[in-house]
Amino acid sequence: MSAHLREWPLDREGRARYADSIFAAIAARYDLLTTLLSFGQDRRWKASVVAWLPNDTPRGHVLDLATGTAAIPLLLRRALPSARIVGLDRSRAMIEEARRKCAGDPGIEIVHGDLNAVPFAARRFDAVTMAYGLRYLTDIRRSIAEIFRLLRPGGVIVCLDFGLPKRRWYRRLALGYLLAMGTVWGLLLHRRADTYWHIVESLRAYPGQDAVAAAMREVGFTDVSLEERLGGISVTAYGRKPA
Ligand SMILES: C[S@@+](CC[C@H](N)C(=O)[O-])C[C@H]1O[C@@H](n2cnc3c(N)ncnc32)[C@H](O)[C@@H]1O
C-alpha cells in the first residue's frame with residue numbers, strides 16, 4: 001500500500017496546490033472525518049488549544065491559522081465571549097463551510113490567505129492558534145518566527161497537531177492505523193481509497209513535535225511546552241512571547 005503514497009511536496013507552491021486539491025474534495029465531510037478518525041477525541045483535543053489560553057484573553061484578539069471549517073474559532077467563541085477572532089485559510093471550499101458555520105457572529109471573521117505569507121501587522125494578536133496546520137508549513141521555523149512577530153508582548157502561540165511517537169514500533173503502528181482507517185473512510189465516504197492518505201504522506205515528511213518546540217525556543221518564545229496524548233500521536237505545543 002505504501003508504494004502508492006505520494007511524496008509530500010517540499011516546495012511552497014506544490015504543497016499549497018496539493019492542499020487545495022485535498023480540501024476541495026473533502027470540505028463537506030471534513031468535520032465528520034475528524035470525529036471518525038479520532039474515535040470522537042478530536043473535539044476534546046481541540047478544546048486543549050483553548051485551555052492553554054491565558055485568563056486575560058476574553059476581550060482579546062485571536063488569530064486561528066489554517067482555520068478550515070472554523071472548529072477552533074467556534075470553540076474560542078464559547079470560552080471567550082467577547083474576543084475578536086480571525087480565522088485564516090486558503091481553501092475556498094473550507095472557507096465556505098467556515099463562513100456558513102460562523103454566520104451570525106460578527107466577532108468571527110474568516111479571511112482568505114496563505115499560511116506562508118500572513119497578511120497582518122506586527123504585535124496585533126493576543127494569541128495565535130493553529131490546529132493541524134503545522135504540516136502544511138514549508139519552513140516551520142520561519143513561520144513560527146512570523147507568528148512571534150504577529151503577537152503582542154505576552155501573547156501566546158498554541159498549536160495542535162499529530163505528533164511523531166518516539167518509539168519506532170509505536171510510530172509505525174500509528175501511521176499504519178492512520179493509513180488503514182483513512183483508506184476505509186476514503187472508500188466509504190468518497191469511493192476513493194487515497195482520499196485521506198495525505199495525513200500519512202505529510203507525517204512522513206514532518207520533523208515532529210520536538211522540532212516545533214525547538215523552533216519556538218529559537219525564535220524567542222518562553223515557557224515552551226508540549227502536551228502529548230496517546231504516546232505522542234496527538235500533541236499541543238505552547239509558547240509565550242516575553243512581556
Ligand atoms: C487539516 S485542516 C485543519 C482545519 C482546522 N484547523 C481543524 O483543525 O479542523 C488543514 C487546513 O489547512 C489549510 N491550509 C493548508 N495549506 C495552507 C496554506 N498554505 N495557507 C493557508 N491554509 C492552508 C487547508 O486548507 C485546511 O483547511
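How many disulfides does the count come to? I looked this up before anything else, in what is a predicted model. The count comes to 0 disulfides.

**Cysteines.** I checked C102 and C159 in turn. C102 takes part in no disulfide, and its nearest cysteine sulfur belongs to C159, 20 Å away. I noted the cut-off as well: a disulfide needs the two sulfur atoms within 2.5 Å. C159 is likewise in no disulfide, with the sulfur of C102 as its nearest, at 20 Å. I then looked up accessibility. C102 has a relative accessible area of 6% and is buried. C159 is buried too, at 2% relative accessibility.

**Helix α7.** I turned next to α7, which runs over residues 168-190 and has 23 residues. From first C-alpha to last I find that α7 reaches 32 Å, close to the 33 Å expected at 1.5 Å a residue.

Which residues of α7 are buried? I list Y170, A174, L175, L178, L179, M181, G182, T183, W185, G186 and L189. The cover over these buried residues includes α2 (30-37), β5 (151-162) and α8 (198-204). Past the end of α7 I noted R191, which follows the helix and has a positive phi, near 60°.

**Helix α4.** I made the same check on α4. Its buried residues are I72, P73, L75, L76 and R77; I note that the charged R77 is in this list. Among the elements that cover the buried residues of α4 are α3 and four strands: β1 (61-65), β2, β3 (108-112) and β4 (125-131).

**Largest pocket.** I looked up the volume and the lining. The largest pocket holds about 840 Å³ of space. Its lining has 50 residues, and those closest to the centre are Y30, Y132, R135, Y136 and F162.

Which elements give two or more residues to this lining? I find α1 (12-26), α2, α3 (42-51), α4 (71-79), β2 (84-89), α7 and α8. Of these, α1 gives the most, with 7 residues. Both helices entered above, α7 and α4, are therefore on the list of elements that meet the cut-off of two or more lining residues.

I also sorted the lining by residue class. The lining divides into 28 nonpolar, 12 polar and 10 charged residues. Among the residues closest to the centre, I count R135 as charged and F162 as nonpolar. Tyr also falls in the nonpolar class here, so Y30, Y132 and Y136 are entered as nonpolar.

Terms used: Residues are numbered from 1 along each chain as its sequence is written. This is a predicted model: local features need pLDDT of at least 70, side-chain atom pairs count only at pLDDT 80 or more; totals for chains, interfaces and linings use all residues. Side-chain values use heavy atoms; hydrogens and water are left out. Buried means under 20% relative accessible area, exposed over 50%, partly exposed in between (1.4 Å probe, protein chains only). The expected span of a helix is 1.5 Å times one less than its number of residues. Contact means heavy atoms within 4.5 Å. On a 1 Å grid over the protein atoms alone, a cavity is a set of points where a 1.4 Å probe fits but cannot get out, and a pocket is an open set with protein on both sides within 12 Å along at least five of seven lines; lining residues have an atom within 4 Å of a point. Grid points are joined across faces, edges and corners, and a volume is the space filled by probe spheres set on the points.
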